[in-house]
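Trainee: I would like to go through this structure by question and answer. Please keep the replies short.

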Amino acid sequence: MIVRFGYVAMSTIVEKASPSRTMTVTSFNKLQDREAGLRKLERLAAENLHNSLRLLKHNRAHDIVVFRFSSKLIPLIGHESVEGWNPMPVLADDFKAVGDYVKQHQMRVSFHPDHFTVLSTPRESVLQSSIGDIERHTAMLEAMGLNTDAKSNIHIGGAYGDKVTASKRFVEHFALLRPEVRARLTLENDDKTFTALETLEVCEQVGVPMVLDIHHDEVNLSEQTSVELWPRILKTWEQDAPLPPKIHVSSPKNETNPRSHADYVDPVGLLAFMRGIAPFTPHLDVMIEAKMKDSALIQLVQDLINETDVEQIDEASISIKT
DNA sequence: ACCTGTCAAGTCTGG
DNA sequence: CCAGACTTGACAGGT
């Protein structure tokens, strides 16, 4: 099994390269000249895109081809204070430059709209802002000129006291999305509410790939283990072949905060999972969610190649012998 | 240069 | 009905 590793949004190695510079709503609203404020937001967005491209170049130097963009590339977008503002035309060249680099080096990129995007909600206003958020993430991937291999990953959402009803509502609301938007979504099990099995069942119903988070799975257990579920999870990726299935990995910060992310990734649990699925999984992409970002990625690969059944391919990928 | 309180959004719990 | 926790990088305002 060939395994490629990626990390999220920002680097702990490259300095002064934040992809999520912003402005508070309070300071935006304090400005007497709204248009000047919008131009400032556009400059911040361009800077965030420029820094994202710098990170991709850094990734290339370290053989890292899997990467998640920050969901805060365009500051304040979606907030009522900037209603009517469309920065996409002025940012078109910057988005295209990022997308061109991704395509040139055959990278796999994604977004992860944050937890305010909740399709299981019973509230119409929350649904509308969630759909708007997903639409904007789709628009950014389209502005990069990327095909539907570039996806946004979301969670099912809240349970509202009744998970079965909530997941049914998710399925109904999912059907409201445009087909082009649906084709760019993946669903991930969360750490509190929807387990891997429950998420998988929704994935099968709506026909989207499932991103398995093995840390979430450990703190929010399914009736079956992640390795037992894996054949079904693999099936959800078949429609996107040859795009490899993707998982998330992180380690608990400590015993009192088992759900929080630690600085680095403990290789033990990940190794056990990978060995379990390697015999029937040719390719796997692993997104590392650790505080130390790309440093944690490099450290994890170093830790893994000490194992006798692991071979290093390059700085950010390995193969596991079966 | 460095420190600290605050910050758009949603959900859940507890009062 | 409302406040606080959750969680996290970055701002804003201060020294």
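Mentor: The questions below take up a helix, two DNA strands, two single residues and a strand, in a model that is predicted.

Trainee: What should the 20 residues of helix α4 span, and how far apart are the end C-alpha atoms of α4?
Mentor: Helix α4 covers residues 124-143, and the estimate uses 1.5 Å a residue. That gives an expected 28 Å, which agrees with the distance between its end C-alpha atoms: 28 Å.

Trainee: Which elements cover the buried residues of α4?
Mentor: The buried residues of α4 include V126, L127, I131, I134, H137 and L141. An α-helix has 3.6 residues a turn, so residues three or four places apart point the same way. The cover over the buried residues of α4 includes α3, β3, β4, α5, α6 and β5.

Trainee: Which residue with a positive phi follows α4?
Mentor: The phi of this residue is near 75 degrees. The residue that follows α4 is G145.

Trainee: Which residue has a side-chain N or O atom 2.3 Å from a phosphate oxygen of DNA strand B?
Mentor: Among the 16 residues that surround DNA strand B, the closest are V25, H79, R123, A159 and Y160. A polar backbone atom of A159 is 2.7 Å from a phosphate oxygen of the strand, and a polar backbone atom of T26 is 3.4 Å from one. The side-chain atom at 2.3 Å belongs to Y160.

Trainee: What share of the atoms of DNA strand B within 4 Å of the protein belongs to sugar or phosphate?
Mentor: The atoms of DNA strand B within 4 Å of the protein divide into those of sugar or phosphate and those of bases. The share of sugar or phosphate is 57%.

Trainee: What share of the atoms of DNA strand C within 4 Å of the protein do sugar and phosphate account for?
Mentor: The residues around DNA strand C include M10, S20, T22, S260 and K291. Of the atoms of DNA strand C that come within 4 Å of the protein, sugar and phosphate make up 100%.

Trainee: Which residue has a side-chain N or O atom 2.5 Å from a phosphate oxygen of DNA strand C?
Mentor: For R21, a side-chain N or O atom is 2.9 Å from a phosphate oxygen of DNA strand C, and for K30 the value is 3.0 Å. The surface near this strand has two nonpolar, six polar and three charged residues. The side chain at 2.5 Å is that of S18.

Trainee: Is H216 buried or exposed?
Mentor: H216 is in helix α8. Beyond its neighbours within four places in sequence, H216 contacts H155, E188, N189, D190 and D191. Its relative accessibility is 9%, and the cut-off is under 20%, so H216 counts as buried.

Trainee: What is the relative accessible area of L300?
Mentor: L300 lies in helix α11 and touches F5, V265, P267, L270 and I288, leaving out residues up to four places away in sequence. L300 is buried, and its relative accessible area is 1%.

Trainee: Why is β8 largely enclosed by the rest of the structure, and which strand joins β8 by six bridges?
Mentor: Strand β8 is largely enclosed because five of its six residues are buried. Strand β7 pairs with β8 in the parallel sense over four bridges, and H248 has M287 as its bridge partner there. R4 stands opposite D285 in β8. The strand that runs parallel to β8 and joins it by six bridges is β1.

Notes
Residues are numbered from 1 along each chain as its sequence is written. Chains are lettered from A and ligands numbered from 1 in the order in which they are written. This is a predicted model: local features need pLDDT of at least 70, side-chain atom pairs count only at pLDDT 80 or more; totals for chains, interfaces and linings use all residues. Side-chain values use heavy atoms; hydrogens and water are left out. Helices (H or I, at least four residues) and strands (E, at least two) are DSSP runs, numbered from the N terminus. The expected span of a helix is 1.5 Å times one less than its number of residues. Buried means under 20% relative accessible area, exposed over 50%, partly exposed in between (1.4 Å probe, protein chains only). Contact means heavy atoms within 4.5 Å. A residue is near a molecule or strand if one of its heavy atoms lies within 4 Å of it. A polar contact is a pair of N or O atoms within 3.5 Å; within protein, one must be able to donate a hydrogen and the other to accept it, and residues adjacent in sequence count only if both atoms are side-chain atoms. Ala, Val, Leu, Ile, Met, Phe, Trp, Tyr, Cys and Pro count as nonpolar, Asp, Glu, Lys and Arg as charged, and the others, Gly among them, as polar. Two strands pair if DSSP finds at least two bridges between them.
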